[in-house]
Amino acid sequence: MTLHRLRHCTLTHDAEDGTSTPMLLARSRHASVLSLERYARPGVDAVARHVAERDPAARRRT
């Protein structure tokens, strides 16, 4: 694994864990969200988990 690939993985995992965009920008030292998008690419499972955690209907059931 190269350092560049490790950078991609780290930013992606941080994004999947809910790290805010301003924090991701600061950690990656990117000036724009467009450049950050190449690095932080949450997977399908992470997006589904994010949606499920914020589903108002699911929160009412608990």
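# Reading a predicted model, feature by feature

Reader: Where is the place of Gly18?

Author: Gly18 sits in the loop that lies between α1 and α2. Please keep in mind from the outset that this is a predicted model.

Reader: Does Gly18 count as buried or exposed?

Author: The general idea is a cut-off: a residue is exposed when its relative accessible area is over 50%, and buried when that area is under 20%. Gly18 has 54% relative accessibility, so the residue counts as exposed. Its C-alpha lies 9.4 Å from that of Ala46, and the two residues are 28 places apart in sequence.

Reader: Which other pairs can be read by distance in sequence and in space?

Author: Arg49 and Asp17 are one such pair: 32 residues separate them in sequence, and 10.0 Å separates their C-alpha atoms. Arg49 belongs to helix α4, residues 44-53, and is partly exposed at 41% relative accessibility. Another pair is His13 and Val44, which are 31 residues apart in sequence and 13 Å apart between C-alpha atoms. His13 lies in helix α1, where the residue is partly exposed at 47%.

Reader: Which residues form the largest nonpolar core?

Author: A core is built from buried residues whose side-chain atoms join within 4.5 Å. Here the largest one has 7 residues, namely Leu11, Ala15, Leu24, Leu25, Leu36, Tyr39 and Ala40. At least two of these core residues come from α1, and at least two from α2 (21-28).

Reader: What does Leu25 touch, not counting residues up to four places away in sequence?

Author: Leu25 is in contact with His30, Ser32, Val33 and Leu36 once those sequence neighbours are set aside. Leu36 is itself a member of the core just described.

Reader: How should I read Ser28, which lies in helix α2?

Author: Begin with its exposure: at a relative accessibility of 4%, Ser28 counts as buried. Then look at its polar partner, for the side chain of Ser28 reaches the backbone oxygen of Leu24 at 2.8 Å. Finally, consider its contacts beyond four places in sequence, which are Arg7, Leu11 and Leu36. Leu11, Leu24 and Leu36 are among the residues of the largest nonpolar core.

Reader: Is His8 buried or exposed?

Author: His8 is buried, as its relative accessible area is 15%. The residue is part of helix α1. A polar atom of the His8 side chain lies 3.4 Å from the backbone oxygen of Arg38. Apart from residues up to four places away in sequence, His8 touches Arg38 and Tyr39.

Reader: How many salt bridges are there?

Author: The general idea is that side chains of opposite charge can pair when their charged atoms come close. The cut-off applied is 4 Å between a side-chain nitrogen of Lys or Arg and a carboxyl oxygen of Asp or Glu. By this rule there are 2 salt bridges.

In one of them, Arg27 pairs with Asp14, and their closest N and O atoms are 2.1 Å apart. Because Arg27 lies in helix α2 and Asp14 in helix α1, the pair ties together parts that are 13 residues apart in sequence. The two partners can also be read by exposure: Arg27 is partly exposed at 49% relative accessibility, whereas Asp14 is buried at 15%.

In another salt bridge, the side chains of Arg54 and Glu53 meet at 3.3 Å, N to O. Arg54 is partly exposed, with 42% relative accessibility.

Reader: Which residues form a nonpolar patch on the surface?

Author: Met1, Leu3 and Leu6 form this patch, and together they have about 410 Å² of accessible area. Leu3 is in helix α1, residues 3-16. With a relative accessible area of 74%, Leu3 is exposed.

Reader: What is the value of phi near Arg29, and where is Arg29 found?

Author: Phi of Arg29 is near 65°, which is a positive value in a residue other than glycine. Arg29 is found in the loop between α2 and α3 (33-37). At 77% relative accessibility, Arg29 counts as exposed.

Technical notes:
Residues are numbered from 1 along each chain as its sequence is written. This is a predicted model: local features need pLDDT of at least 70, side-chain atom pairs count only at pLDDT 80 or more; totals for chains, interfaces and linings use all residues. Side-chain values use heavy atoms; hydrogens and water are left out. Patches are made of residues with over 30% relative accessible area and no salt bridge: like charges are joined within 9 Å, nonpolar side chains (Val, Leu, Ile, Met, Phe, Trp, Tyr) within 5 Å. Accessible areas come from the Shrake-Rupley method with a 1.4 Å probe; for residues, only the protein chains shown count as cover. Helices (H or I, at least four residues) and strands (E, at least two) are DSSP runs, numbered from the N terminus. Buried means under 20% relative accessible area, exposed over 50%, partly exposed in between (1.4 Å probe, protein chains only). Contact means heavy atoms within 4.5 Å. A polar contact is a pair of N or O atoms within 3.5 Å; within protein, one must be able to donate a hydrogen and the other to accept it, and residues adjacent in sequence count only if both atoms are side-chain atoms.
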